[in-house]
Amino acid sequence: MAGNRDELTDDERRALLLLVHWEIEHSRFPLSERIRMLKRIQMKLRKAAAKANREAEKPRR
């Protein structure tokens with residue numbers, strides 16, 4: 001992962017995704033604005049994880 005202090009590590013991103021997923025799955029109000037926001041966050045985290053994986057798989061020159 002990049003050396004930028006402001007970026008999440010893979011382990012931090014994984015833990016955050018698990019937490020967000022748990023909150024979504026166990027919500028008493030699955031259609032609430034809060035849960036819709038968490039779903040948007042979850043999507044962004046997944047995209048960031050996929051991008052990080054693609055960059056890690058690129059051959060270094």
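Five salt bridges are counted in the structure, a salt bridge being a side-chain nitrogen of Lys or Arg within 4 Å of a carboxyl oxygen of Asp or Glu. The structure is a predicted model, in which local features need pLDDT of at least 70 and side-chain atom pairs count only at pLDDT 80 or more, whereas totals for chains, interfaces and linings use all residues. Residues are numbered from 1 along each chain as its sequence is written, and side-chain values use heavy atoms, with hydrogens and water left out.

One of the salt bridges joins the side chains of D10 and R13, with an N to O distance of 3.3 Å. Both residues belong to helix 1, where a spacing of three residues places them about one turn of the helix apart; helices are DSSP runs (H or I, at least four residues) numbered from the N terminus, and strands are runs of E of at least two residues. The two partners fall into separate accessibility classes, which are defined as buried under 20% relative accessible area, exposed over 50%, and partly exposed in between (1.4 Å probe, protein chains only). D10 is partly exposed, with a relative accessible area of 34%, while R13 is buried at 7%.

Further salt bridges centre on E33, a residue of helix 2. Side chains of opposite charge can pair when their charged atoms come close. E33 is bridged to R36, the closest N and O atoms lying 2.6 Å apart. These two residues are separated by about one helical turn, because they stand three residues apart in helix 2. A salt bridge is also formed between the side chains of R40 and E33, at 3.2 Å from N to O. E33, R36 and R40 are thereby linked in a network of salt bridges. The members of this network are partly exposed: the relative accessibility is 43% for E33, 40% for R36 and 41% for R40.

The side-chain pairs of E33 also appear as polar contacts, defined as pairs of N or O atoms within 3.5 Å; within protein, one atom must be able to donate a hydrogen and the other to accept it, and residues adjacent in sequence count only if both atoms are side-chain atoms. Such a contact is made by E33 with the side chain of R36 at 2.6 Å, and another joins the side chains of E33 and R40 at 3.2 Å. E33 and L16 are 17 residues apart in sequence, and their C-alpha atoms are 19 Å apart in space.

Helix 2 (residues 33–57) also contains I35, which is buried with a relative accessible area of 1%. Not counting residues up to four places away in sequence, I35 touches E23, I24, S27, F29 and P30, contact meaning heavy atoms within 4.5 Å. The C-alpha atoms of I35 and R54 are 29 Å apart, at a sequence separation of 19 residues. Q42 likewise lies in helix 2 and is buried, at 10% relative accessibility. With neighbours within four places in sequence left aside, the contacts of Q42 are L17, V20, H21 and I24.

At the surface, L8, L16 and L19 make a nonpolar patch of about 220 Å². Patches consist of residues with over 30% relative accessible area and no salt bridge, like charges being joined within 9 Å and nonpolar side chains (Val, Leu, Ile, Met, Phe, Trp, Tyr) within 5 Å. Accessible areas come from the Shrake-Rupley method with a 1.4 Å probe, and for residues only the protein chains shown count as cover. L8 is located in the segment before helix 1 (10–25) and is partly exposed, with a relative accessible area of 31%.
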